Amino acid sequence: MSHAASDLVPFRPRFPWLTGDLQTIANRFLPRVSDLGAAASERLRLAMDDGSGDTLLAMLDRPRIDRGGPALVLIHGLTGCETSTYMLNTTRHFLALGHPVLRLNLRGAGPSRPLCGDIYYAGRSQDVRAALRLLPADLTARGLVAVGFSLGGNMLLKYLGEEGAAAPLRAAVAVCAPIDLSATCQHMLRPRNWLYHRYIIAMMRREALGPGARLTAAERAAVRSARNVWEYDDRFIAPRHGFAGAEDYYDKSKAVRYMPAIRTPTLLIAAADDPWIPVAIYRRFAWAASKALEPLLAAGGGHVGFHAAGSPTPWHDQAIERFIRGSMP
């Protein structure tokens, strides 16, 4: 049993979200509670230093009672943003514990969309690097813990592997990250996922073509004609960002390529019944050879669901809390 799970009740689904699919869609049906109870919320503008002119927006929420612990930086998943249900849930939980929380909107996502000509992708770790460098000194001085959800988790893990021992984080967590992008894409394209896929590709098109996007006519045509995620990545994301195609993009951006070099204490949470991320990509990783990495593989929870019996707090947030507490000196 992992350190994070040593005093954590094993995941049991809360009625009526009894299957992985129901756990996954629960985030769309449960009431979204936007009241975080924070004493102050501040909009941050993080101007990227790559010459693009793009600016990422983030929301910094400070707790009513600050207990002096590290600040959390949350990174959303595919087509998510600062107001995604899982982002709000994690923010609410850690504000109540006395931690400041920063919700980052990736390049071209959510409120960042009108301020960005370009768009994020699963391997764009340079944006994580730039965003962390631009955070206020009073936030970084207390120590940072980064939490990446789904695609944001892959991006975070890639960044941590690239940085190695130089990463400016006290700890990190990835929740339901697609650490092998090609295997995840093939898993997602299964016929049983057609409804998910139809929804996701529609959201991806809307995001890519939104206000502020600087696309050529050919790129707009590629986005509109993509019938699935693989075609979207192969026709639009890959050529726009210098990859030979979707498979080249997946291979060079997948977190498993970088994870052995991670030196920051890092928890990776996944669910065996995740309909989007195949748990096999976690089970075949050589965890024993990577001392900084700690896997926490639950029997259930779906994709960034983990709506557990006995508590309104998502199970993964309880695990993150325990991991942070156990990782701090």
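## A tour from strand β7 outward

Begin by selecting strands β7 and β8 (residues 293-298), which pair in the parallel sense over six bridges; the model you have open is a predicted one. Within this pairing, Thr266 has Leu293 of β8 as its bridge partner.

Next, add strand β6 (residues 171-175), which also pairs with β7 in the parallel sense, here over four bridges. If you display Val173, you will find it standing opposite Leu267 of β7.

Now keep β7 (residues 266-271) alone in view and colour its residues by burial: six of the six are buried, so the strand is largely enclosed by the rest of the structure. Thr266, Leu268 and Ala270 cover one side, while Leu267, Ile269 and Ala271 lie on the other, and both faces are covered.

From the strands, move to helix α2 (residues 85-96), where ten of the twelve residues are buried, so that this helix too is largely enclosed by the rest of the structure. The buried residues to select are Thr85, Tyr86, Met87, Leu88, Asn89, Thr90, Thr91, His93, Phe94 and Leu95. To see what surrounds them, show α1 (20-29), β2 (55-62), β3 (71-75), β4 (101-104), β5 (144-149) and α12 (315-327), against which the buried residues of α2 pack. A distance between the end C-alpha atoms of α2 gives 17 Å, which agrees with the 16 Å that its twelve residues should span at 1.5 Å a residue. Just after the helix, pause at Gly98, which takes a positive phi of about 95°.

For the nonpolar interior, select Leu157, Ile179, Tyr232 and Met259, which touch the most other members of the largest nonpolar core, a set of 72 residues. Helix α5 (residues 151-163) gives the most to this core, with six residues. Centring on Tyr232 and leaving aside residues up to four places away in sequence, you will find that it touches Ile119, Ile201, Met204, Ala208, Val223, Ala226 and Ile237. Apart from this core lies another, of 31 residues, including Phe11, Phe149, Leu267 and Ala298.

Finish with helices α9 (residues 229-240) and α10 (residues 246-253), which pack at an angle of about 85° with their axes 8 Å apart. That angle makes α9 roughly perpendicular to α10. To display the contact itself, select Val229, Trp230, Asp233, Asp234, Ile237 and Ala238 of α9 together with Ala246, Glu247, Tyr249 and Tyr250 of α10.

Terms used: Residues are numbered from 1 along each chain as its sequence is written. This is a predicted model: local features need pLDDT of at least 70, side-chain atom pairs count only at pLDDT 80 or more; totals for chains, interfaces and linings use all residues. Side-chain values use heavy atoms; hydrogens and water are left out. A nonpolar core is a set of buried Ala, Val, Leu, Ile, Met, Phe, Trp, Tyr and Cys residues joined through side-chain atoms within 4.5 Å. Buried means under 20% relative accessible area, exposed over 50%, partly exposed in between (1.4 Å probe, protein chains only). Helices (H or I, at least four residues) and strands (E, at least two) are DSSP runs, numbered from the N terminus. Contact means heavy atoms within 4.5 Å. The expected span of a helix is 1.5 Å times one less than its number of residues. Two strands pair if DSSP finds at least two bridges between them. Axes are lines fitted to C-alpha atoms, for helices over the stretch in contact, and angles run from 0 to 180 degrees between N-to-C directions. Angles under 35 degrees count as roughly parallel, over 145 as roughly antiparallel, 65 to 115 as roughly perpendicular and the rest as oblique.
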